[in-house]
Amino acid sequence: MPPRPDPFHAHRADLEALAAADRRRALAPRAGIDFASNDYLALAGSYALAEALAQGAARGIPAGSGGSRLLRGNHAEHEALEAHAARHYGTEAALFFPTGFAANAALFATLPQRGDLIVHDALIHASAHDGMKLGRAERTAAAHNDPQAFEEAILRWRAGGGGGTVWIAVESLYSMDGDRAPLADLAVLADRHDAVLIVDEAHATGVYGPAGQGLAHALAPRANLITLHTCGKALGCEGALLCGPAIVRDFLVNRGRPFIFSTAPSPLMAWLVRQALEIVAEQPERAARLSGLVRHAEKRLAALGIAPSGSQIIPVVIGDNARTMRIAAMLQAEGFDIRGIRPPTVPQGTARLRIAITLNVSTRDIDAMVDALSAAMAAA
Ligand SMILES: Cc1ncc(COP(=O)(O)O)c(C=O)c1O
């Protein structure tokens, strides 16, 4: 008998090609001092959240929702969280999703309509890309953090006969670069072009703003703003809150396929996220302590010629994929959990170490990490 064809031959070849380009990924167990997580305020494993979870369970809030929100899955805790989030973020309404990925997929696939244009930052997250691919609007990338490039894209499209609504999509704090979007300028641009501004606050929520509302909170309240607040990063939980005008919530409940055809998130998680929002608002000292640690890290890293990003996410761009992974491996061997990030997560030729500063580390940990980084960069 001739050998049977291997149905996975294309997949094997693809993985081999990734390996040849030093881009093959594998899951690694968590180990070492945390310079890799998005648990910026050290809430994920905190006593405060563990206690809140126990309290919620003791109140009889169920772990599972049992169905989609439009069927039996809608629970009072979902609605309580959404009402709380709308007040907290200063918007008309909010909608809770099981992940930020699902929220972005629903948002970008559903809200922009055929005949509309999405102008997105060139570095916008993969989940926004996947949502846009599912949707019907045209899309174009604008140079990173360049409001003029956004405006030129809009003007070009209008000049070519584009008549629909323009959607401007950015992250307030970029996940792999740690830099901030020029939100005030983009809001003016959105007003000038009757556009909607979509701001993904995944890495800013909890860390910035007087009560951890994020960076877009500094904009005056506006009817053309939608923000996404993921709950799995600084809030230490999971899920995401999409905040904006009531019509956005209503439309997604009616038309958002990832929302409609999916089991509702755990009511216990909805309860926990609400407690996390309160903890963050009541304990601004957490964000203040983080800011002190970031300043300390920036000072130490400057000695290695590493420029500050202005946030808790500090990229160390190495460029070469293999060298990046060698340096990361050396640091891991020294007990520091620092990961190498390669294309396509970051643009070609910009492989990097992504150093995240969180309240899971001390200034002493930072000092030791910078010494190890200096040695690894010299040796690799
Ligand atoms: C900017 C940004 N948006 C959205 C997401 C997706 O959020 P989640 O991890 O909750 O799915 C992430 C997380 O990776 C992110 O960094």
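This report walks through the ligand site, the enclosed cavities and two backbone oddities of the structure above. Keep in mind that this is a predicted model.

**The ligand and its pocket**

Let's start with the ligand, which sits in the largest pocket. That pocket holds about 1,400 Å³ of space. Its lining takes in 45 residues, and those nearest the centre are Ala-36, Ser-37, Asn-38, Arg-339 and Ile-341. If you want to find the walls by secondary structure, look at α4, β7 (225-230), α12 (321-333) and β11 (339-341), the elements that each give two or more residues to this lining. By class, the pocket lining splits into 16 nonpolar, 17 polar and twelve charged residues.

Now zoom in on the ligand itself. It has 13 residues around it, with Gly-100, Phe-101, Asp-200, His-203 and Lys-233 the closest. Helix α4 (residues 100-110) is the top contributor to this shell, giving three residues. The shell is made up of eight polar, three charged and two nonpolar residues.

Which atoms of Gly-100, His-125 and His-203 come up to the ligand's oxygen atoms? Gly-100 does it with a polar backbone atom, while His-125 uses a polar side-chain atom, and so does His-203. Here are the distances:

| Residue | Protein atom | Ligand atom | Distance |
|---|---|---|---|
| Gly-100 | polar backbone atom | oxygen | 2.7 Å |
| His-125 | polar side-chain atom | oxygen | 3.3 Å |
| His-203 | polar side-chain atom | oxygen | 2.7 Å |

How much of the ligand's accessible area does the protein cover? On its own the ligand has 380 Å² of accessible area, and the protein covers 80% of that.

**Two enclosed cavities**

Apart from the pocket, there are two cavities of 30 Å³ or more. The largest cavity contains about 50 Å³ of space. Arg-69 is part of its lining, along with Phe-96, Phe-97 and Pro-98, and then a run of names further along the chain: Pro-258, Phe-259, Ser-262, Thr-263, Ala-264 and Pro-265. Two elements, β2 (93-97) and α9 (257-260), give two or more residues each to that lining. Seven of the lining residues are nonpolar, two are polar and one is charged.

The second largest cavity comes in at about 30 Å³. Its lining has Ala-93, Ala-94 and Leu-95 from one stretch, plus Leu-242, Cys-243, Gly-244, Pro-245, Val-248 and Arg-249. Here the elements that give two or more residues are β2, β8 (240-244) and α8 (246-255). So what is the class make-up of this lining? Seven residues are nonpolar, one is polar and one is charged. Strand β2 is worth a look in your viewer, since it appears in the lists of contributing elements for the largest cavity and for the second largest cavity.

**Two backbone oddities**

Most residues other than glycine have a negative phi, and most peptide bonds are trans. Two places in this model go the other way. Where is the cis peptide bond? It joins Pro-343 and Pro-344, with omega at about 10°. Pro-344 belongs to the loop between β11 and β12 (351-356). Strand β11 has come up already, as one of the elements lining the largest pocket.

The other one is Asp-22, which isn't a glycine yet has a positive phi of about 55°. You'll find Asp-22 in the loop that runs between α1 (9-20) and β1 (33-34).

Definitions and conventions. Residues numbered from 1 in each chain as written. Predicted model: local features only at pLDDT ≥ 70, side-chain atom pairs only at ≥ 80, totals over all residues. Heavy atoms only, no water. 1 Å grid on protein atoms, 1.4 Å probe; cavity = no way out; pocket = protein on both sides within 12 Å on 5 of 7 lines; lining within 4 Å. Points joined across faces, edges and corners; volume = space filled by probe spheres on them. Helix = DSSP H or I, 4+ residues; strand = E, 2+ residues; numbered from the N terminus. Nonpolar A, V, L, I, M, F, W, Y, C, P; charged D, E, K, R; others polar. Near = heavy atom within 4 Å. Polar contact = N/O pair within 3.5 Å; in protein donor to acceptor, adjacent residues only side chain to side chain. Areas by Shrake-Rupley, 256 points an atom, 1.4 Å probe, with all protein chains shown as cover. Sits in = over half its atoms within 2 Å of the grid points.
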